[in-house]
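Me: I've just opened this one up and I'm new to it. Mind if I throw some questions at you?

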Amino acid sequence: MPPVDYKGAVSRKLVLRYANVNGIRSKSEEVKRWIDEGDADIVALVDTIAGDSTADCLMCDLDRYNLHRLDRTGCQKETGGGVALIMKRELQAIRMPQFEVSGLEVLWVKVVALRMNLLVGVIYAPGYDVTVFSDLRASMEKIPFHLRRNILLVGDFNCPTIQWDGNVCGSSERDRDLILLKNEFKLFQRVRETTRQRGDVTSTLDLLFVAQLGLVRNARAVKPPSVTNDHFGIQCSVILMTPKLQSKPKLVWKIDECAAKSSFQLRSVTSRRLHRPSLSGKVVVGLRTCRGAYTQWRRTRDQADFQRWKELEAVKKRLILADKYRKLRGIAFSSRRDPTAVWKFLKKNSASASIPPIPIPGSDDKYLIEPQDKANSISDLFAKEYCEEPTVATSTLLTLIRKLDPNKAAGSSLVTNRLLKIAGTTIIYPLSRLFNLILCTGKYPAAWKTADVVPVPKKGGSTLRPISLLPPLSKLFEKVLSDHINSFLDRNKLLSDTQYGFMRRRSTEMQLFQSEVSRLPSSKVKSPVFQYADDILLYRIIRKNDDCAALQQDVNGIAEWCIETGLEVNPRKS
């Protein structure tokens with residue numbers, strides 16, 4: 001958690017409200033209204049009877065409060081249960097799951113204050129559970145000593161016969177366990193009124209324990225959230241100095257158009273006045289100098305000024321090409337650290353053109369305009385051309401299994417890569433039949449569609465990034481399809497030579513380098529040019545001395561072109 005900024009005034013006393021709601025789904029609006037009436041800062045709810053299908057917005061206004069909840073799971077003996085703590089967003093509240101015990105419905109939240117940290121707990125202790133206070137003792141023993149002095153525990157303890165007035169005593173073993181727990185951790189019980197009334201029978205089931213007498217004041221019973229509740233609510237004031245952060249309002253500039261037109265001279269912005277941060281200072285100086293020479297020639301019409309303008313124009317073009325190559329080279333180098341650098345550059349500097357109208361076969365003046373019609377036409381054409389039925393051969397499957405990494409995580413799947421490699425040829429035949437059956441029926445196993453999402457810390461450990469762990473069999477099936485599609489595309493030569501994404505032995509640096517090599521002027525290089533990865537090869541058959549001179553002339557032409565575009569050539573490696 002980031003450090004808390006304690007600048008600002010100290011807030012008022014915090015208002016804590018508690019209620020046994022006996023089901024939150026049917027009383028959602030009543031509970032929200034009850035919270036707003038008391039202007040509560042901390043709200044504790046028990047017996048929420050909430051499950052996975054119960055949304056957080058049913059318990060509180062999520063724009064004003066933060067919700068911490070613990071729903072009952074795995075209990076089949078009695079219905080009900082579940083606890084929740086609702087904190088205002090202004091409070092620095094942290095849930096403490098390390099203090100919770102399995103099988104016990106208790107929730108601990110630490111409130112960070114100026115002079116001390118308050119540990120707020122809420123518990124629901126059902127009457128049929130005989131070990132609930134033993135589990136509560138195990139939970140409180142996990143609390144460090146510096147937090148035990150600032151405990152506030154509220155909840156439904158279900159001890160109707162216990163007496164708190166006068167000599168504290170208990171008539172049952174359950175009451176005595178609670179009294180021993182109170183004495184062991186030196187807690188004070190602050191509720192003296194009746195908290196439950198069913199007919200003529202009254203009892204105090206809902207209790208409030210504090211570690212310091214001066215921590216809470218004015219603890220009293222209040223009306224319940226709903227008229228159908230037989231439990232009264234509890235309200236008290238918590239004496240705690242919490243930071244009340246004051247956010248500065250954002251400045252909003254309002255411009256009066258009439259006053260602006262009368263006070264300022266409005267000028268139209270042209271291309272000459274645009275700021276070009278992508279150009280270097282040397283290029284900007286060259287552009288201004290060339291512009292000045294052109295203006296001088298238009299004014300004098302002198303031949304000397306015309307020649308000077310043409311020379312500066314050529315220099316300007318060389319500077320722009322060199323600056324452009326410098327920028328592309330920087331993008332290629334930065335892509336090693338940030339793979340999205342090339343994509344951002346291409347997306348910014350290229351326009352997304354739609355598919356042009358497709359002529360309808362058999363007519364010269366009719367075209368398909370709608371995107372859906374274009375997609376259907378392309379799909380039908382592809383279905384006619386791609387008539388080969390995909391089948392999975394056992395030899396292909398065996399080759400892919402041998403290339404699997406046995407150390408890859410498999411998530412919750414019991415079939416791992418290591419198991420597939422150990423099985424070897426014994427599993428090839430049933431796997432091939434399974435894959436072919438999937439391709440024939442078009443039905444994909446539902447278990448292969450789920451993934452285990454695991455948070456993995458980034459460098460530094462401050463943030464996490466999610467990693468999806470897919471079943472190994474689904475990844476093996478995807479590899480089979482990928483190899484089949486790639487072989488079909490290569491066999492029919494459907495991929496363009498300018499395709500560099502998702503291609504083996506090709507990279508973004510090669511694409512940028514290829515785009516520059518393709519601009520070699522034909523007037524300077526006569527020999528055929530071949531490219532191998534990031535190397536250029538000039539090819540010419542030497543039969544006489546003129547061939548040697550022509551090859552040398554091409555090399556000199558490439559050297560001149562490199563100087564003009566700003567490419568650095570290492571003579572020792574050339």
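Me: Before anything else, how many disulfides does a search of the whole structure find?

Reply: Keep in mind that this is a predicted model. To count as a disulfide, two cysteine sulfur atoms have to lie within 2.5 Å. Searching the whole structure for such pairs gives a total of 0 disulfides.

Me: Take Cys57 then: which cysteine has the nearest sulfur, and how far away is that sulfur?

Reply: Cys57 belongs to no disulfide. The cut-off for a disulfide is 2.5 Å, and the nearest cysteine sulfur to Cys57 is that of Cys60, at 8.8 Å.

Me: And Cys236, is that residue buried or exposed?

Reply: Buried means under 20% relative accessible area. Cys57 has 42%, so Cys57 is partly exposed. Cys236 has a relative accessibility of 1%, so Cys236 is buried.

Me: On to the strands: which are the edge strands of the open sheet?

Reply: The open sheet has 6 strands, in the order β4-β5-β3-β2-β15-β14, with mixed pairing. An edge strand here pairs on one side only, and that picks out β4 (65–70) and β14 (216–222).

Me: Within that sheet, in which sense do β2 and β3 pair?

Reply: In the strand order, β3 and β2 sit side by side. Tyr18 stands opposite Ala44 in β3. Strand β2 covers residues 14–20 and strand β3 covers residues 42–46, and over 5 bridges their pairing is parallel.

Me: What about empty space inside: which helix gives the largest share of the lining of the largest cavity?

Reply: The whole structure has 1 cavity of 30 Å³ or more, and the volume of the largest cavity is about 40 Å³. Its lining is made up of Leu136, Leu153, Phe157, Leu178, Leu181, Lys182, Leu187 and Phe209. By class, that is 7 nonpolar, no polar and 1 charged residues. The largest share, 3 residues, comes from residues 173–184, helix α4.

Me: Last one, about Ile485: how far is its C-alpha atom from that of Pro390?

Reply: Ile485 is found in helix α13, which spans residues 472–491. With a relative accessible area of 46%, Ile485 is partly exposed. Along the chain, Ile485 and Pro390 are 95 residues apart, yet the separation of their C-alpha atoms is 9.0 Å.

Definitions and conventions:
Residues are numbered from 1 along each chain as its sequence is written. This is a predicted model: local features need pLDDT of at least 70, side-chain atom pairs count only at pLDDT 80 or more; totals for chains, interfaces and linings use all residues. Side-chain values use heavy atoms; hydrogens and water are left out. Buried means under 20% relative accessible area, exposed over 50%, partly exposed in between (1.4 Å probe, protein chains only). On a 1 Å grid over the protein atoms alone, a cavity is a set of points where a 1.4 Å probe fits but cannot get out, and a pocket is an open set with protein on both sides within 12 Å along at least five of seven lines; lining residues have an atom within 4 Å of a point. Grid points are joined across faces, edges and corners, and a volume is the space filled by probe spheres set on the points. Helices (H or I, at least four residues) and strands (E, at least two) are DSSP runs, numbered from the N terminus. Ala, Val, Leu, Ile, Met, Phe, Trp, Tyr, Cys and Pro count as nonpolar, Asp, Glu, Lys and Arg as charged, and the others, Gly among them, as polar. Two strands pair if DSSP finds at least two bridges between them.
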